[in-house]
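Hello,

Here is the structure I promised to pass on to you. Please open it alongside this email, and then read on for what turned up in it.

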Amino acid sequence: MDSVGVAAAAPDAGPGPAWQSKCPWGAPSTTSISCSLADVMSEQLAKELQLEEENAAFPEVVAAAEGPFITGENIDTSSDLMLAQMLQMEFDREYDAQLRREEKKINGDSKVSISFENYRKVHPYDSDSSEDEVDWQDTRHDPYRADKPTTTPRRGFIGKGKDITTKHDEVVCGRKNTARMENFAPEFQVGDGIGMDLKLSNQVFNALKQHAYSEERRSARLHEKKEHSTAEKAVDPKTRLLLYKMVNSGMLETITGCISTGKESVVFHAYGGKSATEDKVIPPECAIKVFKTTLNEFKNRDKYIKDDYRFKDRFSKLNPRKIIRMWAEKEMHNLTRMQNAGIPCPQVVILKKHVLVMSFIGQDQVPAPKLKDVTLSNEDMKKAYYQILNMMQQLYRECNLVHADLSEYNMLWHDGKVWLIDVSQSVEPTHPHGLEFLFRDCRNVSQFFQKGGVAEALNERELFNAVSGLNITADNEVDFQAEIEALEKMNEDHVQNHGKKLSTFSSDGDPPIYDE
């Protein structure tokens, strides 16, 4: 016996109370057919009871949506469209319930709440979502705005006698200033003042307003700088496009990752590809040096380039990107000079704007260690010292260069010899500060090898005379530096008078070549 027969048996009973005719446990006049517990607990009976409850709760919905969609007896399960609509309604109901849980979780006991009402799938059967409900934003009370708009009369005050209130009243101005804080940028956090009668003086409001404008402009500058600059271990879109073009052209096979970062550049490792011309050979492993396009971390780099006659006419301090390109071009020219003189250094492959591709000093993506990080024996340390002496003399005599940043941090140990790197700041000896840079290099080299136990290491003054060929006989370092500055001043005066970069340093011949 089906459940419909059980429900239809009760109305056929004889006259009696109304509750008895509707109650399934009322005494029937006729004998009803017994049914099993399995039939009573069937899923079909549960669905029909649920539909009856919905019809009793929403009678207008049943009248408006009569048909096979609501009445369970006429549901056509063979229609894919009908099944899809029913599944969509069930999904919408679960989605709305999830939104309500999210609202409750986020809002909590806060005075200011958010609503996901606009994202709900509203259906007529949802009792929680009603068109009669009013959004919280419409009912919020703003204590800084009057319930009725008030206008200041033309005479500039309200009231009479002692009760006169002008437009400059402290309380009125304070509340107006508090309300005007809503006009600040969204990024400027002004706090939650709902429910509190806040009054801001004109001085405080003006200070906040000025600070809000300053923060807005600073945020815009930072965003623009981030988009157009090279950050640490990252590249800006223009630099990334240059690297993509190198890979797509076949010059580079692939770029593996970052191997070094510094105050002026970021170095990446890459595998070399094929060159477009046969006369140019690309090494199997390459180092890509990307010069940072901001001057934040190395602001004094202009002093190395503005007085260099090779770039003096092109120097423009107002355009940082031009300075960076000249900085990369300067390293390329310096490396080319060193390579022609036979000094161990990276080989230049190509220069694209502020991206310099060189040969990689190392093997299998592992860069060669710096001289400060490697542990050498006494024999190797002595060998490295004399090699550096020869390289400094070659730089000064054959390449006409001063490294200007020579130390154990810019020397690599690879294949049993020292390699020089990072020559972007190198200048010629006739630079206004060239001899000062050379003396600083000599001090760094002398101190490192003296601490390393090389007994033959010269002090900085002896090393300076040995490299430059000058014969400065000063008893102390102060007088020694004073004579260096005098020589630089003499050279600068000569340049201004003759307009040519000719060295006026007096030397006693070529500097001696030191060897083991």
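**What was found**

Let me start with a single residue: Asn400 has a relative accessible area of 33%, so it is partly exposed. Asn400 sits in the loop that runs between helix 13 and strand 10 (411–414). Its phi is positive, at about 55°, although Asn400 is not a glycine. Before going further, please keep in mind that this is a predicted model.

Now for the overall picture. The protein has 516 residues, and 35% of them count as buried. Its secondary structure consists of 16 helices and eleven strands. If you take the contacts between residues at least 6 apart in sequence, 58% of them join residues at least 24 apart.

**Helices 13, 14 and 15**

A good place to look next is helix 15, which packs against two other helices described here.

Take helix 14 (residues 434–451) and helix 15 (residues 460–468): their axes come within 8 Å and cross at roughly 125°. That angle lies between 115 and 145 degrees, outside the ranges for roughly perpendicular and roughly antiparallel, and the two helices are therefore oblique to each other. The crossing of helix 14 and helix 15 is right-handed. On the side of helix 14, the contact is made by Leu435, Leu438, Phe439, Cys442, Arg443, Val445 and Ser446, while helix 15 brings in Glu460, Arg461, Leu463, Phe464, Val467 and Ser468. Sorted by class, the residues of this contact between helix 14 and helix 15 are eight nonpolar, two polar and three charged.

Helix 15 also packs with helix 13, at an angle of about 50° and with the axes 8 Å apart. Helix 13 and helix 15 are therefore oblique to each other too. Here helix 13 uses Leu389, Met392, Gln393 and Tyr396, and helix 15 uses Leu463, Ala466, Val467 and Ser468. The contact of helix 13 with helix 15 has six nonpolar and two polar residues, with no charged ones.

**Aromatic rings**

What links helix 13 with helix 14 through aromatic rings? Before the answer, some background: a pair of aromatic rings is described by the distance of the centres and the angle of the planes. The structure holds seven aromatic pairs. One of them is formed by Tyr385 and Phe449, whose ring centres are 5.2 Å apart and whose planes stand at 65°, so this pair is edge-to-face. Tyr385 belongs to helix 13 (residues 378–397) and Phe449 to helix 14, so the pair ties together parts that are 64 residues apart in sequence. Tyr385 counts as buried, at 0% relative accessibility, and Phe449 counts as buried at 0% as well. You can also look for a cluster here, in which ring pairs link Tyr385, Tyr386, Phe448 and Phe449.

**Around Lys353**

The other spot worth visiting is a loop and the residues that touch it. Lys353 lies in the loop between strand 6 (348–352) and strand 7 (355–359). Its phi is near 55°, which is a positive value in a residue other than glycine. With 47% relative accessibility, Lys353 counts as partly exposed.

Which residues does Leu242 touch, once those up to four places away in sequence are set aside? They are Lys352, Lys353, His354 and Val355. Leu242 itself is part of helix 10 (residues 237–248). Is Leu242 buried or exposed? Its relative accessibility is 14%, under the 20% limit, so Leu242 counts as buried. Leu242 and Lys352 are 110 residues apart along the chain, and 7.5 Å separates their C-alpha atoms.

Ala328 also reaches this loop. Leaving aside neighbours within four places in sequence, Ala328 is in contact with Phe291, Leu351, Lys353, His354 and Leu356. You will find Ala328 in helix 12 (residues 320–340), and at 0% relative accessibility it counts as buried. The C-alpha atoms of Ala328 and Phe291 are separated by 7.0 Å, with their positions 37 residues apart along the chain.

Enjoy looking around, and write back with any questions.

Best wishes

Definitions and conventions: Residues numbered from 1 in each chain as written. Predicted model: local features only at pLDDT ≥ 70, side-chain atom pairs only at ≥ 80, totals over all residues. Heavy atoms only, no water. Axes fitted to C-alpha atoms, helices over the stretch in contact; angles between N-to-C directions. Helix = DSSP H or I, 4+ residues; strand = E, 2+ residues; numbered from the N terminus. Parallel < 35°, antiparallel > 145°, perpendicular 65-115°, else oblique. Left-handed = near helix turned anticlockwise from the far one by under 90°. Contact = heavy atoms within 4.5 Å. Nonpolar A, V, L, I, M, F, W, Y, C, P; charged D, E, K, R; others polar. Buried < 20%, exposed > 50% of the residue type's maximum accessible area, 1.4 Å probe, protein only. Phe/Tyr/Trp six-rings, centres within 6.5 Å; stacked < 30°, edge-to-face > 60°.
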